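Hello,

Here is the structure I promised to pass on to you. Please have a look at it first, and then read my notes underneath.

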Amino acid sequence: MKTLSPKQMACSLPVTFLVHQLEEYFCQFPLWYSKLLNAQLSNQDFILINGIGLLVFTAFALSYIINKNKLILAALGTLVFVNGAIHLLLSVVTVTYSPGTISGVVLFIPLGIIIFRELFPELHGGERIMAIAIGIFVLLPVSLIAFTI
C-alpha cells in the first residue's frame, strides 16, 4: 500500500485543517460549544481564533517543508489525531453531533495515523514523547481561549 510522503503529509495538513474549520463553522460549532460548556463563543470569535490557528498551522507545516524537522510534523499529526478523537468522543458522550466529527473521523484521524505510522519510527523516544506532548498541549490553550471569550 502506497502512502504519503512527508512533504505530502505536510501539504495536506492545512487543507484538512481548513475543511475541518469549515465543517465546524457551517454546522454551528460555536453554538454547540457554547451550549455544552455554558460559554459565549460567537461566530466572529470562532473565525478569529481559527483564522489565526490556520495561519500558525500552515506556518508550521511550511516550516517542515523548509527544515525537514520531523518532530514538527509528528506534533501536527498528534494534534489532528487528538482533535478528531475528541470530536468523536464528545459526540458519543453527549449523544449529539459535535460539529467537526465528520472531518475529524474522515480526515484528521486517518492523517494522524499515517503520520504516526510513517514518522514515529524515525523519531527517538524523547522526540516521540515531545511530539505527542506538543500536539496535545496546543489544543489546551485554544479550548481555554474559546471558553473564556
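Below is what I found in it, beginning with how to read the values.

This is a predicted model, in which local features need pLDDT of at least 70 and side-chain atom pairs count only at pLDDT 80 or more, while totals for chains, interfaces and linings use all residues. Residues are numbered from 1 along each chain as its sequence is written, and side-chain values use heavy atoms, with hydrogens and water left out.

Let me start with the inside. The largest nonpolar core (a set of buried Ala, Val, Leu, Ile, Met, Phe, Trp, Tyr and Cys residues joined through side-chain atoms within 4.5 Å) has 18 residues. Buried here means under 20% relative accessible area, exposed over 50%, and partly exposed in between, with a 1.4 Å probe and protein chains only. Helices H1 (6-26), H3 (43-67), H4 (70-94) and H5 (101-119) each give two or more residues to this core; helices are DSSP runs of H or I with at least four residues, numbered from the N terminus. The largest share, six residues, comes from H4. A second, separate core of seven residues includes Trp32, Tyr33, Ala39 and Ile49.

Trp32 and Tyr33 are also among the buried residues of helix H2 (residues 29-37), together with Phe29, Pro30 and Ser34. Just after H2, Asn38 takes a positive phi of about 50°.

Next, how do H3 and H4 pack? Their angle is about 145° and their axes are 8 Å apart (axes are lines fitted to C-alpha atoms over the stretch in contact, and angles run from 0 to 180 degrees between N-to-C directions). On the H3 side, the contact (heavy atoms within 4.5 Å) is made by Phe57, Phe60, Ala61, Ser63 and Tyr64. On the H4 side, the residues include Leu73, Leu76 and Lys70. Leu76 also touches Leu13, besides Phe57, Phe60 and Ala61, leaving aside its neighbours within four places in sequence.

Finally, there are two salt bridges, each a side-chain nitrogen of Lys or Arg within 4 Å of a carboxyl oxygen of Asp or Glu. One joins Glu122 and Lys70, at 2.0 Å from N to O. Glu122 lies in the loop between H5 and helix H6 (125-148) and Lys70 in H4, so this pair ties together parts that are 52 residues apart in sequence. The other links Glu118 with Arg117, with the closest N and O atoms 3.2 Å apart. Glu118 is partly exposed at 26% relative accessibility, and Arg117 is partly exposed at 41%.

Best wishes
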